[in-house]
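Me: I am new to this structure and would love a close look at a single part of it. Could you take one sheet and walk me through the strands and helices around it?

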Amino acid sequence: MTTPVLLIDDDRQLLRATAQTLELAGFDVSPLGAASEALGMLDRDFAGVVVSDIRMPGMDGLQLFERIQGLDAEIPVILVTGHGDIPTAVKAIQDGVYDFIAKPFPAERLIQCVRRAAEKRGLVLENRRLREAARQAEDDFPLIGQTPVMDRLRQTLRQIADTDVDVLVTGETGSGKEVVARLLHGWSRRAKGHFVALNCGALPEQVIESELFGHEPGAFTGAQKKRIGRIEHSSGGTLFLDELESMPLSTQIQMLRVLELREVTPLGTNEVRPVDIRIVAAAKVDLADPAQRKTFREDLYYRLNVVSLAIPPLRERREDIPLLFSYFAERAARRFQREAPGLSAEILRHLREHDWPGNVRELSHFAERAVLGLMPSAATPVPPVADAGGTLPERLERLEAEIIRDTLSAHGGDVQETIAALGIPRKTFYDKLQRHGIVRRDFSAKGES
């Protein structure tokens, strides 16, 4: 999809030439002869950039910018100025104009500026879309996703939730196996009962039987009072057995009887107690594979495997990662009483390129660090000057631009701090920004005070 650009200039000849330049660069240009014509084409969903001359009859470029601010302050506006308008344009940047370009300007200067503005607008709209999608997905949290595999998984869960069928869930660490179990419980008529979870790999063999089946006083050394086991406590509700592959062999034999007869016998008694349970079991390995199943009983696997669900790892549904990040960031922002970070180009690049071996859990922790500000600078990296060729003046130009970018990045885009660190006048600073095509707002600007 090509980026729309509203191009406004009352100079018809210049308007045609500039429009042709941007069209050849791949933009969808709407050339307009008056600023008022642009207002009817703008709203909060406008996905492009506005490029406007400043001096025009009727509504000028600054007045247009003020009207656009009222519609959506994050629509990027680029002002084209004559030499005498530069002080005015500098003030406009302080007020929120994305950038200004002085006439006459090289075509490439305009093209690069529009491209950067379009990229920023795209991130803004993506952030809005993700936040809205995350809010709408609250009921499915954190089984959030718009990929076909997640749609199918949610549909399957809703189909089987209100049945009493036992379910075996497989998935990597952190992929959301307990979430699936809780959704099955919450979406079923068993939701009024207890959801009881037990990690089979977290308890030693001599303890897990007591935890599952309960015991009577004196059943073993230290058993001073009666204890209701997890199985009996979950009667009428759901029992979630995590890391099923770690269950001791002796316990597996007893669990097979529980599954077949739906009854439990606590330790230290011959009393048989009926239980009304639904079991959702989870494993990190494929229990259908004998090599991965190892000592896990085959008959218990087949008894549990009435319905089998597989949760895909994040790396197999990358389209869902930005949406999940947005949800976790909003949640962390409420928890830490901070502002949720936007989806910057750097964060988006990390979300796309990282393999996420820890899956949803790892992504949640990453979002929390982002909210706390524990992220590297979001400034656009610049290739080392030593690697670039060219004449000495060209190399010095690149070095100067790199120093300005680094200083802006170090001071979070704050103009006063950057000027003080560079030791140059304010006008010189803005002249250099224009010459090097540097956009201050790309460096997480805090604004001037």
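Reply: Here is a friendly walk through one sheet, with a little about its surroundings first and last.

This is a predicted model, in which local features need pLDDT of at least 70 and side-chain atom pairs count only at pLDDT 80 or more, while totals for chains, interfaces and linings use all residues. Residues are numbered from 1 along each chain as its sequence is written, and side-chain values use heavy atoms, leaving out hydrogens and water.

Let us start with the whole protein. Its secondary structure comes to 18 helices and 12 strands; these are DSSP runs numbered from the N terminus, with at least four residues (H or I) for a helix and at least two (E) for a strand. Of the 449 residues, 47% are buried. Here buried means under 20% relative accessible area, exposed means over 50%, and partly exposed is in between, with a 1.4 Å probe and protein chains only.

Now to the sheet. Five strands, in the order 2-1-3-4-5, form an open sheet with parallel pairing; two strands pair if DSSP finds at least two bridges between them. Strand 2 (28–32) and strand 5 (99–102) are the edge strands, each pairing on one side only. From one strand to the next, the twist averages 20 degrees. Such angles run from 0 to 180 degrees between N-to-C directions, with axes fitted as lines to C-alpha atoms, for helices over the stretch in contact.

Within this sheet, strand 3 (residues 49–53) and strand 4 (residues 77–81) run parallel and are joined by 4 bridges. Valine 51 has isoleucine 78 in strand 4 as its bridge partner. Helix 3 (residues 61–71) packs on the sheet, where it touches strand 1 (4–8), strand 3 and strand 4. Contact means heavy atoms within 4.5 Å. The direction of helix 3 makes about 155 degrees with that of strand 3.

Which residues of helix 3 are buried? They are Gly61, Leu64, Phe65 and Ile68. These residues lie on the same side of helix 3 because they cover an arc of only 100 degrees around the axis, the arc being that of the directions from the helix axis to the C-beta atoms. A general rule helps here: an α-helix has 3.6 residues a turn, so residues three or four places apart point the same way. On the other side of helix 3, Glu66 and Gly70 are exposed. The N-terminal end of helix 3 is capped by aspartate 60, which has a side-chain oxygen 3.1 Å from the backbone nitrogen of leucine 62.

For context, there is another open sheet, of 5 strands in the order 7-8-11-6-12, again with parallel pairing. Its edge strands are strand 7 (195–199) and strand 12 (307–310), each of which pairs on one side only. Strand 7 pairs with strand 8 (residues 238–242) in the parallel sense over 5 bridges, and alanine 197 stands opposite phenylalanine 240 in strand 8. Strand 8 also pairs in the parallel sense with strand 11, over 4 bridges; leucine 239 has isoleucine 279 in strand 11 as its bridge partner. Strand 8 is mostly covered, with 5 of its 5 residues buried. Thr238, Phe240 and Asp242 point one way from strand 8, while Leu239 and Leu241 point the other way. Helix 6 (residues 148–161) lies across strand 6 (167–170), strand 11 (278–283) and strand 12, at about 155 degrees to strand 12.

Methods:
Polar contact = N/O pair within 3.5 Å; in protein donor to acceptor, adjacent residues only side chain to side chain.
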